[in-house]
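Me: Hey, I've got a structure open and I'm not sure where to start. Can you walk me through a few bits of it?

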Amino acid sequence: MRALRPEPQFATLAQQAEVAQLGMWVFIATEVVFFGALIFTYFVYRGAYPADFAAAAYDTKLWCGSLNVALLLTSSLSIVLAIEAAAEGQRRALLLWLLITALLGIGFLGIKGYEYLADYRNQVVPALNFLLKPGHRPPAELFWVFYFIATGVHAIHLTIGVGLVLLMLERARRGTIGPPYYAPLEVVGLYWSFVDTVWIFLFPALYLVGRA
């Protein structure tokens, strides 16, 4: 681990780490407001058109959503293990867990891309390729509007997360993350855990409705 000094505006590395974590928590709070408003609006319309939303949701790829839940839950564990390895100075373990986290995130995005392609072929993409199926009413299209907005924004957040994890992997390779300073990795871990948590809410809301 190379000797590090805090940025000029901070007295110590500990103070710099605290400020970085506080900044991430503030950012997460703003994201909670955004996703919370989106999910709340979704449930308002779902309550207004329960049968139509249930019929539309039945066409989602349940196995894709379920597999992605498993991938993200596993990635939550791997990012925590990466932080623990950084704190203990286990460089090889740190590199391994960061690589696993990035691969799990890429796997999620790959499955999501396959699912979007299947949705397009199934003609359920509003404004691009949407065909109202027999027995469905127009509010069914509204479900897919929420589906693509919510999962699309989440996918963007996860893509950013993968990029950040790869950045941490490069910094770990260069020896700039480890004891006594690994705050950047902790901040990335907070962001990653938030993105994972959002999917835990989106999965039942979008994939399980109409299947119970």
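Reply: Sure, let's go through some helices, some aromatic rings and the core. Keep in mind that this is a predicted model.

Me: Okay, helices first. At what angle do α3 and α4 cross?

Reply: Roughly 160°. Helix α3 covers residues 62-88 and helix α4 covers residues 91-121, and their axes come within 8 Å.

Me: So what does that say about their directions, parallel or antiparallel?

Reply: Angles over 145 degrees count as roughly antiparallel, so α3 and α4 are roughly antiparallel to each other. The crossing of α3 and α4 is left-handed, too.

Me: And what kinds of residues make up the contact of α3 with α4?

Reply: By class, that contact has 19 nonpolar, 6 polar and 2 charged residues.

Me: Switching topic: how many aromatic pairs are there?

Reply: The count comes to 20 aromatic pairs. One of them is Tyr 42 with Phe 53, which is tilted, with 5.7 Å centre to centre and 45° between the planes.

Me: Where do Tyr 42 and Phe 53 sit in the chain?

Reply: Tyr 42 is in helix α1 (residues 13-48) and Phe 53 is in helix α2 (residues 50-57). They're 11 residues apart, and the pair links distant parts of the chain. Both Tyr 42 and Phe 53 are buried.

Me: Got another pair for me?

Reply: Try Trp 144 and Phe 148, also a tilted pair, at 6.1 Å centre to centre and 40° between the planes. Both lie in helix α5 (residues 139-173), 4 residues apart, or about one turn of the helix.

Me: Why does Trp 144 count as buried?

Reply: Because its relative accessibility is 2%, and buried means under 20%.

Me: What about Tyr 120, what does that one count as?

Reply: Tyr 120 is in helix α4, and at 41% relative accessibility it counts as partly exposed. Tyr 120 and Phe 130 are 10 residues apart in sequence and 8.1 Å apart in space, C-alpha to C-alpha.

Me: Last thing, the core. Which residues touch the most other members of the largest nonpolar core?

Reply: That core has 51 residues, and the ones touching the most other members include Tyr 42, Leu 94, Phe 143 and Trp 199. You've met Tyr 42 already, as the ring paired with Phe 53.

Me: Which helix gives the largest share of this core?

Reply: α6 does, with 14 residues. Helices α1, α2, α3, α4, α5 and α6 (183-208) each supply at least two residues.

Note on methods:
Residues are numbered from 1 along each chain as its sequence is written. This is a predicted model: local features need pLDDT of at least 70, side-chain atom pairs count only at pLDDT 80 or more; totals for chains, interfaces and linings use all residues. Side-chain values use heavy atoms; hydrogens and water are left out. Axes are lines fitted to C-alpha atoms, for helices over the stretch in contact, and angles run from 0 to 180 degrees between N-to-C directions. Angles under 35 degrees count as roughly parallel, over 145 as roughly antiparallel, 65 to 115 as roughly perpendicular and the rest as oblique. A crossing is left-handed if the near helix is turned anticlockwise from the far one by less than a right angle, and right-handed if clockwise. Ala, Val, Leu, Ile, Met, Phe, Trp, Tyr, Cys and Pro count as nonpolar, Asp, Glu, Lys and Arg as charged, and the others, Gly among them, as polar. Rings of Phe, Tyr and Trp (its six-membered ring) pair if their centres lie within 6.5 Å; planes under 30 degrees apart count as stacked, over 60 as edge-to-face and the rest as tilted. Buried means under 20% relative accessible area, exposed over 50%, partly exposed in between (1.4 Å probe, protein chains only). A nonpolar core is a set of buried Ala, Val, Leu, Ile, Met, Phe, Trp, Tyr and Cys residues joined through side-chain atoms within 4.5 Å.
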